[in-house]
Amino acid sequence: VSVAATPVASPAGHHFSDNVGISLSCGVPSAARICYTVDGTEPTATSPLYTGPLSFTQTVTLKAKAFAPGYSESGTRVETYVLDNDPPVLSGLVFNGVAVPAQLGASGTFAVNATDASGVARVEFRLGATVLGVDSFAADGFTAPFSIDNTPDGAKTLTVQAWDTLGLASAPLTVELEVLQPPPPAPTITSPVDGAKQSRSEVTVRGHAQARTVDECRLVLLH
């Protein structure tokens with residue numbers, strides 16, 4: 001005697017945030033009766049008959065089995081659908097491996113832990129209105145680079161937020177900090193050379209400084 005094919009559930013078991021619709025089908029024979037249970041018991045020929053898509057709003061373990069004349073009953077399809085209304089949780093925010101300092105004066109990397117039952121889809125790092133990075137690769141942790149060269153001085157708010165695979169957003173994790181640009185190197189005078197004697201009352205001084213770092217330059221001439 002042939003054995004009826006084990007029913008197929010579509011979609012397969014997964015986490016959901018609102019409600020889930022499930023369709024059942026049997027490949028052989030296609031006209032087989034599919035019976036199912038949601039109370040943990042094994043389906044029998046007298047269990048509820050599947051007649052159309054099922055809908056659930058709570059966590060449920062669905063078991064289904066096919067029955068048909070001339071066939072032995074199928075194996076049991078078991079799928080679990082988990083209601084998940086909990087957003088991701090963020091913790092352990094660090095900068096270069098240590099707690100985020102009140103003042104940032106160098107480039108580095110922000111990192112945070114993010115956990116969620118259904119899986120974390122992405123974590124976004126923002127400094128003020130600037131997005132530092134969006135990380136969707138959980139295997140190596142969630143990180144974003146910070147470049148002191150591209151960030152002006154001043155008070156900033158670092159905001160980190162995560163989204164899970166269901167689209168649920170975590171509470172924002174915020175840290176107030178201050179960006180302090182390191183002082184630029186002193187301008188270099190190339191002419192006249194150090195110690196040179198001048199007989200004129202006017203002296204032309206030439207030199208160079210790091211680009212975009214000099215707001216004002218004062219020269220003191222000692223007589």
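# A tour by strands, cores and salt bridges

Select K65 and E73. Their side chains meet in a salt bridge, with N and O 3.1 Å apart. The model on your screen is predicted.

**Stop 1: around K65**

Keep K65 selected and add E42. K65 forms a salt bridge with E42 as well, and here the closest N and O atoms are 3.2 Å apart. This pair links distant parts of the chain: K65 sits in strand β7 (residues 60–67), while E42 lies in the loop between β5 (33–37) and β6 (54–56), 23 residues apart. Show E42, K65 and E73 together, and you have a network of salt bridges.

Now turn on the surface. Is K65 buried or exposed? K65 counts as buried, because its relative accessibility is 6% and the cut-off for buried is under 20%. Its two partners fall in another class. E42 is partly exposed, at 41% relative accessibility. E73 is partly exposed too, with a relative accessible area of 45%.

**Stop 2: the whole protein**

Zoom out and colour by secondary structure. You will find 0 helices and 20 strands. The radius of gyration is 33 Å, well over the 17 Å that the globule rule gives for 223 residues, so the protein is more spread out than a compact globule. Turn the view along the principal axes: the C-alpha trace spans about 120 × 30 × 25 Å. Buried residues make up 30% of the 223 residues. Contacts also reach along the chain. Among those between residues at least 6 apart in sequence, 57% join residues at least 24 apart.

**Stop 3: an open sheet**

Select β12, β14, β15, β17 and β18. In what order do these strands lie? The order is β12-β18-β17-β14-β15, in an open sheet of 5 strands with mixed pairing. Look at the edges: β12 (103–104) and β15 (130–135) each have a single partner strand, so one side of each is left without a neighbour in the sheet.

Strands of a sheet pair through backbone hydrogen bonds, either parallel or antiparallel.

Next, isolate β17, residues 154–164. On one side, 7 bridges join β17 to β18 (residues 173–179), and the two run antiparallel. Pick out two facing pairs here. T157 stands opposite E176 in β18. V160 stands opposite L173 in β18.

Then bring in β14. It is joined to β17 by 7 bridges, again antiparallel. Label V123: its bridge partner in β17 is A162.

How enclosed is β17? Of its 11 residues, 8 are buried, so this strand is largely enclosed by the rest of the structure.

**Stop 4: two nonpolar cores**

Show F110, V123, F125 and F146 as spheres. They belong to the largest nonpolar core, of 22 residues, and touch the most other members. β10 (89–95), β13, β14, β16 (142–146), β17 and β18 each supply at least two residues of this core. The largest share, 4 residues, comes from β14.

Centre on F110 and show what surrounds it. Setting aside neighbours within four places in sequence, its contacts include V94, F95, V100, L104, F125, L132 and L158. F142, T143, A144 and F146 are also among them.

Now select A4, L24, C26 and L62. These are among the 19 residues of another core, which lies apart from the largest one.

**Stop 5: a salt bridge between E124 and R126**

A search of the whole structure finds 3 salt bridges. One of them is yet to be visited, so select R126 and E124. These two form a salt bridge whose closest N and O atoms are 2.5 Å apart. R126 counts as partly exposed, at 22% relative accessibility. E124 is buried, with a relative accessible area of 17%.

**Stop 6: the loop at S118**

Finish at S118, in the loop between β13 (108–115) and β14 (120–127). This residue is buried, at 18% relative accessible area. Its side chain makes a polar contact with the side chain of D116, at 2.6 Å. Which residues beyond its neighbours within four places in sequence are in contact with S118? Select H15, D84, D164, T165 and L166 to see them.

Notes:
Residues are numbered from 1 along each chain as its sequence is written. This is a predicted model: local features need pLDDT of at least 70, side-chain atom pairs count only at pLDDT 80 or more; totals for chains, interfaces and linings use all residues. Side-chain values use heavy atoms; hydrogens and water are left out. Two strands pair if DSSP finds at least two bridges between them. Buried means under 20% relative accessible area, exposed over 50%, partly exposed in between (1.4 Å probe, protein chains only). A polar contact is a pair of N or O atoms within 3.5 Å; within protein, one must be able to donate a hydrogen and the other to accept it, and residues adjacent in sequence count only if both atoms are side-chain atoms. Contact means heavy atoms within 4.5 Å. A nonpolar core is a set of buried Ala, Val, Leu, Ile, Met, Phe, Trp, Tyr and Cys residues joined through side-chain atoms within 4.5 Å. A salt bridge is a side-chain nitrogen of Lys or Arg within 4 Å of a carboxyl oxygen of Asp or Glu. The radius of gyration is taken over C-alpha atoms; the globule rule is 2.2 Å times the number of residues to the power 0.38.
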